Amino acid sequence: MTSLGDLHTTGPTAPPARATMVRVPGGTFLQGSPERTLDWLEAEGQAFPRDWFTDETPQRPVTLRDYLIDRYPVTVTEFADFVARTGYVTSAERAGGSMVYSDYWEIREGACWHRPAGYGSGVRNRGDHPVVHISYPDAEAYATWAGKRLPTESEWERAATGRAYRLWPWGDTWDPTRANTAEWTGGSLRGLDEWRKWWSGIHNAQGPVPQTTPVGAFSPHGDSPEGCADMTGNVYEWTSTTAHLYAPETRCDPTIHLVMGRFRAIRGGSWMNFRYQVRCAERLYGDPTGWSNFALGFRCADDAPESGAEHHGR
């Protein structure tokens with residue numbers, strides 16, 4: 001069991017070594033996916049129906065001002081420092097547990113950011129991994145403490161895809177060696193049956209511990225054009241944007257309609273996902289009222305200072 005004292009520093013508050021932010025230049029980019037991407041997904045015969053992805057359409061122009069975004073997701077060590085300095089208690093800790101996937105999603109007693117698989121687990125030697133079991137209020141609290149904020153969904157996607165549309169941060173050709181996904185550890189998984197076989201293998205060997213990797217482990221080959229790491233796989237990331245359709249008339253899976261106007265957009269996919277679920281434009285949604293799981297973390301953003309001015313976030 002890890003002592004939290006092993007994970008944070010004492011003394012004056014200073015920016016964590018990996019809290020580097022990149023400046024994303026303003027301008028207009030196309031958010032979402034063109035219909036040809038949905039045609040490709042359908043032709044691939046992947047595990048999910050077309051209606052699961054139509055919330056990415058229609059592609060639309062979005063104009064953003066210059067902004068800053070963390071190069072890496074927030075790590076266990078960085079979050080531990082925040083907790084040590086503020087006494088913050090996460091949603092999962094207050095609830096007594098959080099969502100963990102075994103053979104199905106279940107509330108695991110004791111699961112939280114420093115016990116990712118529940119009682120008996122810990123985060124020793126995982127200080128440079130992205131923190132998980134983070135709820136939307138947890139992410140907001142950290143961002144506020146750090147003098148930053150959460151990125152909007154548009155800011156997140158622009159930082160992942162660059163100025164031009166691409167399927168993954170590095171381009172349109174899938175490469176399992178560039179991101180921590182199920183296909184990095186399990187090979188080319190062509191459907192849910194193969195995914196379940198992969199999952200059973202790692203679960204039997206290691207138990208339900210998040211299979212995250214240190215942030216930046218796939219840099220620079222997996223980085224986005226703006227230099228952001230881990231925007232594909234590793235952990236899903238919260239954004240500040242409330243779930244909405246790009247066009248009101250869009251037809252999509254009924255479960256997606258149920259969360260519109262209520263949930264928050266989460267982006268990037270995780271170590272548990274296929275190539276199709278970790279694309280730059282792929283959308284998923286999380287309940288912001290305290291929901292968290294062991295594949296969910298975040299990174300921060302901020303408004304860009306005037307040219308030549310210094311950024312004063314932690």
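Mentor: Let's start with one word: a residue is buried under 20% relative accessible area, exposed over 50% and partly exposed in between (1.4 Å probe, protein chains only). Glu183 counts as buried because its relative accessible area is 3%. Arg275 is buried too, because its value is 13%.

Trainee: What kind of model is this, and how are residues numbered?

Mentor: It's a predicted model: local features need pLDDT of at least 70, side-chain atom pairs count only at pLDDT 80 or more, and totals for chains, interfaces and linings use all residues. Residues are numbered from 1 along each chain as its sequence is written, and side-chain values use heavy atoms, leaving out hydrogens and water.

Trainee: How much of the protein is buried?

Mentor: Of its 314 residues, 57% are buried.

Trainee: How many helices and strands should I look for?

Mentor: Helices (H or I, at least four residues) and strands (E, at least two) are DSSP runs, numbered from the N terminus. Here you'll find eight helices and eleven strands. Take helix H2, residues 76-86: its buried residues are Val76, Glu78, Phe79, Ala80, Asp81, Phe82 and Val83. Part of their cover comes from helix H4 (136-145). Just after H2, Gly87 has a positive phi of about 75 degrees.

Trainee: Which residues touch the most other members of the largest nonpolar core?

Mentor: A nonpolar core is a set of buried Ala, Val, Leu, Ile, Met, Phe, Trp, Tyr and Cys residues joined through side-chain atoms within 4.5 Å. The largest one has 24 residues, and those touching the most other members are Phe79, Trp113, Val131, Ile134, Tyr142, Trp238 and Phe298. H2, H4 and strand S7 (236-242) each give this core at least two residues. Try clicking on Phe298: among the residues it touches are Pro73, Val74, Leu150 and Tyr236. There's also a second, separate core of 15 residues, including Phe53, Tyr101, Ala111 and Phe294.

Trainee: And charged residues? How many salt bridges are there in the whole structure?

Mentor: Side chains of opposite charge can pair when their charged atoms come close. We call it a salt bridge when a side-chain nitrogen of Lys or Arg lies within 4 Å of a carboxyl oxygen of Asp or Glu. The search finds 19 of them here.

Look at Arg283 and Glu153, whose side chains meet at 2.8 Å, N to O. Arg283 sits in the loop between strand S8 (264-267) and strand S9 (284-286), and Glu153 in helix H5 (153-161), so this pair ties together parts 130 residues apart in sequence. Both Arg283 and Glu153 are buried.

Next, Arg267 bridges to Glu157, with the closest N and O atoms 2.6 Å apart. Arg267 is in strand S8 and Glu157 in helix H5, 110 residues apart. Arg267 and Glu157 are both buried.

Trainee: How far apart are the closest N and O atoms of Arg275 and Glu183?

Mentor: They're 2.7 Å apart, and the two residues form a salt bridge. Arg275 is in the loop between S8 and S9, and Glu183 in helix H6 (182-186), so parts 92 residues apart in sequence are tied together. Elsewhere, Glu35, Asp39, Glu42 and Arg50 are linked in a network of salt bridges.

Trainee: So which kind of residues sit 24 or more positions apart, and what share of contacts do they account for?

Mentor: Contact means heavy atoms within 4.5 Å. Counting contacts with a separation of 6 or more, residues 24 or more positions apart account for 79%.

Conventions. Lists of a residue's contacts leave out its neighbours within four places in sequence.
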